[in-house]
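Dear colleague,

Please find below the structure that I am handing over to you, together with its sequence. My notes on what was found in it follow.

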Amino acid sequence: MILAENLTIYYDNYKAVEDITFKLDSGETLLLLGPNGAGKTSLLRTIAGLHKSYEGKLLVFGKPPVEVKDLISYVPQSHSLNERVPLKAIEVVAMGALYKKGLIHFNIPKSILKEAEEALDFVGLGEIKNKRFAELSGGQKQRVLLARALVSKPQLLLLDEPLSALDPSARVEVVSVLAKIKREMGLTMIITTHDPNPLTEIGDKIMLINKRLIAFGAPEEVLRDEIITKVYGPLSKAVRVGKRMYCFIGDVHLHGRGEV
Ligand SMILES: Nc1ncnc2c1ncn2[C@@H]1O[C@H](COP(=O)(O)OP(=O)(O)OP(=O)(O)O)[C@@H](O)[C@H]1O
């Protein structure tokens, strides 16, 4: 499904990530974890076929990513919609289908509006289809962007930090939609995140990178003290709760004169 062997990603001569090898099976969800600047976005954009400067082997559905772009939906960390343009939620979703078909329409065809409505229903927002995108809550906006990514019926969904700007209740909303996508559509997903904990219910595999591959495997193989402390320092801790693994990442907050 996705195969990378000794993948090194470049910006001119600069190596953003080096020597990454992994394999992801169809229907699996990968949580891509690493500190700031670790290379998560670069890896995601390369798998999406958007960044083409790399060496090594990278196959998505058995082909180089640029050849299968139509099967891939990529949701960047921040959307590029101009919120001063009064677009309705349903129009934002329909744009996902229009772009994939290479069309720019001012009158959106009925067939595409219908697909957009179905995608909005799927993410639980059918009732606000005519509301302005700019007026939605953070969680609703992220769900509209997920609907926009789904409307072109991709087989691989790539999400860059989908929870980063959200408050805890909005995170729950979005995670439950991601769980539904996994359960009902069986899509393969790669989700970059600073914090895997809200996503443990859907993460089949975890990849930890920091310019290089630190670890790849099932959550219980990767979320171990001896692995996460390599990247996040000695205050990091892996914790098992029931069947799931969680981790406290060594986010050190300094107060006053420097005491932790
Ligand atoms: N367009 C670019 N041109 C040059 N260097 C870049 C470019 N984009 C990213 N980089 C560099 O590549 C490295 C990896 O960046 P990347 O954005 O992929 O990391 P990240 O893990 O997604 O970081 P963050 O969590 O902060 O978003 C960094 O050193 C960054 O400065």
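In the shell around the ligand, α1 gives the most, with 3 residues. Helices (H or I, at least four residues) and strands (E, at least two) are DSSP runs, numbered from the N terminus. Residues are numbered from 1 along each chain as its sequence is written. Please note that this is a predicted model, in which local features need pLDDT of at least 70 and side-chain atom pairs count only at pLDDT 80 or more, while totals for chains, interfaces and linings use all residues.

The ligand shell

The residues around the ligand are Tyr 11, Tyr 14, Ala 16, Gly 34, Asn 36, Gly 37, Ala 38, Gly 39, Lys 40, Thr 41 and Ser 42. A residue counts as near the ligand if its C-beta atom, placed from the backbone, lies within 6 Å of it. Two or more residues of this shell come from each of β2 (14–24) and α1 (40–47).

The sheet of three strands

Strand β2 also belongs to an open sheet of 3 strands, in the order β2-β1-β4, with antiparallel pairing. Two strands are taken to pair if DSSP finds at least two bridges between them. At the edges are β2 and β4 (54–60), each of which pairs on one side only. From one strand to the next, the twist averages 20°; axes are lines fitted to C-alpha atoms, for helices over the stretch in contact, and angles run from 0 to 180 degrees between N-to-C directions. Strand β1 (residues 2–11) is joined to β2 by 7 bridges in the antiparallel sense, and Ile 9 stands opposite Val 17 in β2.

The sheet of six strands

A second open sheet has 6 strands in the order β5-β6-β7-β3-β8-β9, and its pairing is mixed. Its edge strands, β5 (72–75) and β9 (213–217), each pair on one side only. Here the twist averages 10° from one strand to the next.

How is β3 covered within this sheet? Of its 5 residues, 5 are buried, that is, each has 20 or more other C-beta atoms within 10 Å of its own, whereas 12 or fewer would make a residue exposed and a number in between partly exposed, with C-beta atoms placed from the backbone. In a regular strand the side chains alternate between the two faces of the sheet. In β3, Thr 29, Leu 31 and Leu 33 are buried on one side, and Leu 30 and Leu 32 on the other.

Strand β3 runs parallel to strand β7 (residues 188–193), with 5 bridges between them; Leu 31 stands opposite Ile 191 in β7. The pairing of β3 (residues 29–33) with β8 (residues 205–209) is likewise parallel, over 4 bridges. Across that pair, Leu 32 faces Met 207 and Leu 33 faces Leu 208.

Helices α7 and α3

Helix α7 (residues 225–232) lies across β8 and β9 and runs at about 145° to β9. Contact between two residues means that their C-beta atoms, placed from the backbone, lie within 7 Å.

Helix α3 (residues 110–122) has 13 residues and reaches 18 Å from its first C-alpha to its last, close to the 18 Å expected, which is 1.5 Å times one less than its number of residues. Its buried residues are Ile 112, Glu 115, Ala 116, Ala 119 and Leu 120. Seen down the axis of α3, these residues fall within an arc of 140°, so they line one face of the helix; the arc is that of the directions from the helix axis to the C-beta atoms. On the other side of α3, Lys 110, Ser 111 and Lys 114 are exposed. Just after α3, Gly 124 has a positive phi of about 80°.

Yours sincerely
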